[in-house]
Structures are given as structure tokens and as C-alpha cells.
Amino acid sequence: MELAIEQAKLAQKNDEVPIGAVIVSESNIISFSHNTSNDPTAHAEMLVIRQACELLSTSALYNSDIYVTLEPCPMCAQAISLARIKRVYFGAYNLKGGGIENGAKIFQFCSHIPEVYGGILETECASLLTDFFEKLRD
């Protein structure tokens, strides 16, 4: 999760929403990224899934885990299921736009349901987002 937080901080330096993600497979870091602009699908989760699938030449990441600083949105939750990711670890809960524990709760409609663990380094992850949006409003 610490690498995901580092990625979120890189996004923040680029005036992007500070969300970072990492995919790990069998204790090896496979891919990492953060939110980028000018593409509504360029969420950190989508980028690391694409990178991991390309690197491993597969569309199924059966033995992989994803770490993300914010509860994935419905689009990203569906992509996580389609990629057959084994476990999802996320930091802050996304009360408004979440797709796993909050909001659409996408996994209840999916054939592949990963294990989910929320609230990992939650305070630090949430602070990045809170600080970002406070500065944006000022």
C-alpha cells in the first residue's frame, strides 16, 4: 500500500486526483500507476490492470492482488472482476463513488468475486484526497 500512496502523491504533484494503485503477483510487484488526465478511463486501477496484462501476456490475473488508495469505482471494480484479480486491498472508503463496499456494489453481480480488504492505511489515504480537494476549492 505504501507504493500505491507514493503513486498517489505523484498524481497530486501533477495536479491529478491523488489515487495510486499497484498489482502484486506472488510477492512480486508487477505494475504501478496513478490517475492521469484527458481520459475518463485512466483511473489508476485501469492502468495497472492494463500494464499487468500486457506484461504477463494474459487477460486473467488469477494470482494477483491489487492495492489502491481509494475504494474502486464501479468501472474499476468491474475491470478487477473481469481480470480475475484474487484480492483487493484499498485505503480510503469512497462513500459517494465507490463500487465495492459503497455505491453500486458491483461484485454482487459478478461471476468472479475477489476477496476485499478495506481501510488499509485509511487515514493517510483519505488525507491525500481531502487535502487535494481543499486546495482545489481555495
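How many residues does helix 2 have, and how far does helix 2 reach from its first C-alpha to its last? I started my notes there. One reminder to myself before the entries: this is a predicted model.

**Entry 1: helix 2**

I looked up residues 44-56 and got 13 residues for helix 2, with a reach of 18 Å from first C-alpha to last. That is close to the 18 Å expected at 1.5 Å a residue.

Next I asked which residues of helix 2 are buried. My list reads Ala44, Glu45, Met46, Leu47, Val48, Ile49, Ala52 and Cys53. I kept a textbook point beside it: an α-helix has 3.6 residues a turn, so residues three or four places apart point the same way.

What covers these buried residues? I found that the cover includes strand 1 (20-25), strand 2 (28-34), strand 3 (64-70) and helix 3 (74-82).

I also checked what comes after the helix. Ser57 follows helix 2, and its phi is positive, near 55°.

**Entry 2: partners of helix 2**

I picked Ala79 from helix 3. Ala79 counts as buried because its relative accessibility is 14%, and the cut-off for buried is under 20%. Leaving out residues up to four places away in sequence, Ala79 touches Met46 and Ile49. I looked up the spacing to Ile49 too: 30 residues apart in sequence, 8.0 Å apart in space, C-alpha to C-alpha. Both of those contact partners are on my list of buried residues in helix 2.

From strand 2 I took His34. Buried or exposed? His34 is buried, at 14% relative accessibility. Not counting neighbours within four places in sequence, I noted contacts from His34 to Gln7, Ala8, Leu10, Ala11, Asn14, Ile19, Gly20, Ala42, Ala44 and Leu47. Ala44 and Leu47 are buried residues of helix 2.

From strand 3 I took Ser64. Ser64 is buried, with just 1% relative accessible area. With residues up to four places away set aside, Ser64 touches Ile23, Val24, Ser25, Ile85, Lys86 and Arg87.

**Entry 3: the largest pocket**

What volume does the largest pocket have? I get about 540 Å³. There are 21 lining residues, and the closest to the centre are Leu70, Tyr93, Asn94, Leu129 and Phe133.

I then asked which element gives the most to that lining. Helix 4 (residues 122-137) does, with six residues. Sorted by class, I have 11 nonpolar, five polar and five charged residues in the lining.

**Entry 4: Tyr93 and the rings**

Tyr93 was worth a second look, being among the residues closest to the pocket centre. I placed Tyr93 in the loop between strand 4 (87-92) and strand 5 (115-117). Outside four places in sequence, Tyr93 touches Leu70, Glu71, Glu101, Asn102, Gly118, Gly119 and Glu122. Tyr93 and Ile120 are 27 residues apart along the chain, and I have 9.7 Å between their C-alpha atoms.

How many aromatic pairs does the structure hold? I count four. In one of them, Phe90 and Tyr93 meet edge-to-face, 5.0 Å centre to centre with 85° between the planes. The two partners sit on either side of the buried cut-off: Phe90 is buried at 0% relative accessible area, whereas Tyr93 is partly exposed at 34%.

I looked at Phe132 and Phe133 as well. Why is that pair edge-to-face? Their planes are at 80°, with ring centres 5.1 Å apart, so the pair gets that label, given that the cut-off is over 60 degrees. Phe132 is buried at 9% relative accessible area, while Phe133 is partly exposed at 32%. Phe133 is another of the residues closest to the pocket centre.

I also logged one aromatic cluster, formed by Tyr67, Tyr89 and Tyr117.

**Entry 5: positive phi**

Most residues other than glycine have a negative phi. I wrote down the exceptions I came across.

Asn38 has a phi near 65°. Where is Asn38 found? I found Asn38 in the loop between strand 2 and helix 2, and Asn38 is exposed at 82% relative accessibility.

Lys105 has a positive phi of about 45°. I placed Lys105 in the loop between strand 4 and strand 5, with a relative accessible area of 38%, which makes Lys105 partly exposed.

Notes:
Residues are numbered from 1 along each chain as its sequence is written. This is a predicted model: local features need pLDDT of at least 70, side-chain atom pairs count only at pLDDT 80 or more; totals for chains, interfaces and linings use all residues. Side-chain values use heavy atoms; hydrogens and water are left out. Helices (H or I, at least four residues) and strands (E, at least two) are DSSP runs, numbered from the N terminus. The expected span of a helix is 1.5 Å times one less than its number of residues. Buried means under 20% relative accessible area, exposed over 50%, partly exposed in between (1.4 Å probe, protein chains only). Contact means heavy atoms within 4.5 Å. On a 1 Å grid over the protein atoms alone, a cavity is a set of points where a 1.4 Å probe fits but cannot get out, and a pocket is an open set with protein on both sides within 12 Å along at least five of seven lines; lining residues have an atom within 4 Å of a point. Grid points are joined across faces, edges and corners, and a volume is the space filled by probe spheres set on the points. Ala, Val, Leu, Ile, Met, Phe, Trp, Tyr, Cys and Pro count as nonpolar, Asp, Glu, Lys and Arg as charged, and the others, Gly among them, as polar. Rings of Phe, Tyr and Trp (its six-membered ring) pair if their centres lie within 6.5 Å; planes under 30 degrees apart count as stacked, over 60 as edge-to-face and the rest as tilted.
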